[in-house]
Amino acid sequence: MPFRALPARRRGVPFRVRESCAVALVAITAGAACTSPSTAAGGPECDPAPYDDAIAAVTAHGVIGLGPYGEAPVSADSIQLSGNEIEHVRGRNATAAIVMHFSGDSWSTAQVDGLKSEFDRLGISVVAQSDAQADPAKQFSDIETAVAARPDVIVSIPSLDPAALAPAYRKAVSAGIKLVFMENPARSFQSGPDYVSVVATDNYGAGVVNAHQMAKALCGRGSVGVLFHAAQVPTNELRERGFVETIERNYPDIDIVGRKGLLGPNWNVEAGSAVNAWLTKHPDLGGVWCWFDAPCEGAIDAARSSGRDRLVVTSIDLGTNVAVDMARGAFVSGIAAAQPYWQGIVEARLAGYALIGKAAPPFVEVPALPVDRHNLTEAWETVYRTEPPADVQKALGAY
């Protein structure tokens with residue numbers, strides 16, 4: 001079952017202010033819990049409880065972030081179709097296209113799997129599916145190709161360049177195709193006339209959780225580097241802001257000594273190069289944060305090749321390789337897991353809303369799940385609706 005979000009706070013109150021009120025006292029206590037900058041969380045001189053309390057204070061709110069135009073988020077659990085509505089959708093014999101920014105990672109695979117599963121239940125046939133390989137120009141062409149297939153609905157993520165891709169999505173609107181967006185809308189698009197809805201992870205909240213996980217692993221002290229997406233779009237900006245603002249606000253003894261934007265698609269190679277440079281310039285580097293799991297793989301490779309087996313890594317998105325590393329008790333100490341399979345289901349249901357003229361909320365948000373080694377198996381089953389891969393299970397049993 002999906003992780004359930006509690007009702008959002010009142011509209012118009014900045015999410016970072018709301019979150020800080022809940023955790024400020026906890027974070028101050030956490031900073032006082034450590035006596036040595038080299039003491040790892042869980043060691044004899046570091047009390048992990050204040051950090052765990054800070055994470056719990058965040059997740060107690062369900063979701064933190066607002067929508068692209070300041071909308072209060074609607075819980076993903078509220079997006080439902082009745083039996084009669086499902087039959088109405090099935091009677092349309094509708095078609096859909098799925099236009100991805102890239103694929104092959106755990107998040108994209110699960111997102112598409114969730115979409116296809118729910119489309120099948122709703123009798124919606126997928127007539128086109130594409131992978132832009134992190135290339136905005138290719139995704140522009142992919143959108144045009146999808147429009148040419150004349151589906152009733154396109155589900156897509158415009159996170160490579162919301163402005164540059166907007167004209168292609170505008171062709172879909174002009175052709176009468178319904179749009180459901182993953183994570184953020186195309187630039188200047190408005191819900192209602194231009195698109196049905198946006199379904200997003202609570203990206204800011206995920207960054208906040210990662211910050212507390214990093215602080216726990218460092219016992220509130222040390223230096224960290226930040227890997228972010230150089231194509232600054234709302235999803236990735238919110239993740240980075242959640243992490244950086246929480247570190248700066250609540251952990252004065254943790255210094256951010258490096259920030260590097262990556263463009264992909266060779267995320268691990270680019271990340272490894274950045275982290276190698278940081279390790280040379282800052283031999284005492286304590287941790288690295290990544291906005292999603294693939295760059296963290298490069299950070300881990302760089303740390304391992306440099307003999308830095310105590311470098312702390314935290315990440316958003318629960319990918320197989322970072323899960324294996326966490327299971328081994330190696331570099332990855334904390335993950336804020338998005339729920340892409342559940343997102344895909346909700347997006348497909350919203351497509352159903354559009355097909356039968358049911359009013360849809362403009363912004364739907366899914367909370368991120370805090371993951372550590374102790375709840376890794378349960379979290380995997382929640383996120384992907386299946387048991388962890390054999391490599392993860394083997395690593396958990398061996399360490």
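1. Lining of the largest cavity. Helix H8 (residues 234-250) supplies the largest share of this lining, with three residues. The model is a predicted one. In all, 15 residues line the largest cavity. His101, Phe102, Asn236, Arg239 and Trp291 are the ones that lie nearest its centre. By class, the lining of the largest cavity splits into six nonpolar, five polar and four charged residues. The space inside the largest cavity comes to about 170 Å³.

2. Cavities overall. How many cavities of 30 Å³ or more does the structure hold? There are five. Such spaces are found with a simple idea: rolling a probe the size of a water molecule over the atoms shows where empty space is left.

3. The second largest cavity. This one holds about 60 Å³ of space. Twelve residues line the second largest cavity, and Val58, Gly62, Asp202, Gly205 and Ala368 lie nearest its centre. Helix H2 (49-59) and helix H7 (203-218) are the elements that give two or more residues to this lining. H7 gives the most, with three residues. The lining of the second largest cavity has eight nonpolar residues, three polar and one charged.

4. The second largest pocket. Its volume is about 340 Å³. The lining of the second largest pocket counts 22 residues. Nearest the centre of this pocket lie Gly67, Pro68, Tyr69, Pro234 and Leu238. Strand S6 (197-201), H8 and S12 each supply at least two lining residues. Which element gives the most to the lining of the second largest pocket? H8 does, with four residues. Helix H8 thus links two points of this note: it also gives the largest share of the lining of the largest cavity. The pocket lining divides into eleven nonpolar, seven polar and four charged residues.

5. The sheet. Seven strands make up an open sheet, and the pairing is parallel. The order is S1-S12-S6-S5-S4-S2-S3. The edges are held by strand S1 (74-75) and strand S3 (125-131). Each of these has a single partner strand, so one side of S1 and one side of S3 is left without a neighbour in the sheet.

6. Strand S12 and its partners. S12 covers residues 363-366 and is joined to S1 by two bridges, the two strands running parallel. Val74 has Val364 as its bridge partner in S12. Ser75 stands opposite Glu365. Strand S6 is also joined to S12, by four bridges, and again the run is parallel. Here Val198 stands opposite Phe363. Are the residues of S12 buried or exposed? Phe363 and Glu365 point one way, Val364 and Val366 point the other way, and all are buried. The charged Glu365 deserves a look in the viewer, as a buried residue of this strand.

7. Pro73, just before S1. Pro73 sits in the loop between H2 and S1. Its relative accessibility is 11%, and the cut-off for buried is under 20%, so Pro73 counts as buried. Pro73 and Phe363 are 290 residues apart along the chain, yet their C-alpha atoms are separated by 5.5 Å. Phe363 is the S12 residue that Val198 stands opposite.

8. Strand S2. Why is strand S2 (residues 95-100) described as largely enclosed by the rest of the structure? Six of its six residues are buried, so the description follows. Both faces are covered. Thr95, Ala97 and Val99 are buried on one side. Ala96, Ile98 and Met100 are buried on the other. Six bridges join S2 to S3, and these strands run parallel. One bridge pairs Ile98 with Gln129 in S3. S3 is one of the edge strands of the sheet.

9. Arg349. This residue belongs to helix H12 (residues 340-356). At 10% relative accessibility, Arg349 counts as buried. What does the side chain of Arg349 reach at 3.0 Å? The backbone oxygen of Ile79. Ile79 is also listed among the contacts of Arg349, leaving aside neighbours within four places in sequence. The others on that list are Gln80, Leu81, Glu118, Arg121, Leu122 and Trp342.

Notes
Residues are numbered from 1 along each chain as its sequence is written. This is a predicted model: local features need pLDDT of at least 70, side-chain atom pairs count only at pLDDT 80 or more; totals for chains, interfaces and linings use all residues. Side-chain values use heavy atoms; hydrogens and water are left out. Two strands pair if DSSP finds at least two bridges between them. On a 1 Å grid over the protein atoms alone, a cavity is a set of points where a 1.4 Å probe fits but cannot get out, and a pocket is an open set with protein on both sides within 12 Å along at least five of seven lines; lining residues have an atom within 4 Å of a point. Grid points are joined across faces, edges and corners, and a volume is the space filled by probe spheres set on the points. Ala, Val, Leu, Ile, Met, Phe, Trp, Tyr, Cys and Pro count as nonpolar, Asp, Glu, Lys and Arg as charged, and the others, Gly among them, as polar. Buried means under 20% relative accessible area, exposed over 50%, partly exposed in between (1.4 Å probe, protein chains only). A polar contact is a pair of N or O atoms within 3.5 Å; within protein, one must be able to donate a hydrogen and the other to accept it, and residues adjacent in sequence count only if both atoms are side-chain atoms. Contact means heavy atoms within 4.5 Å.
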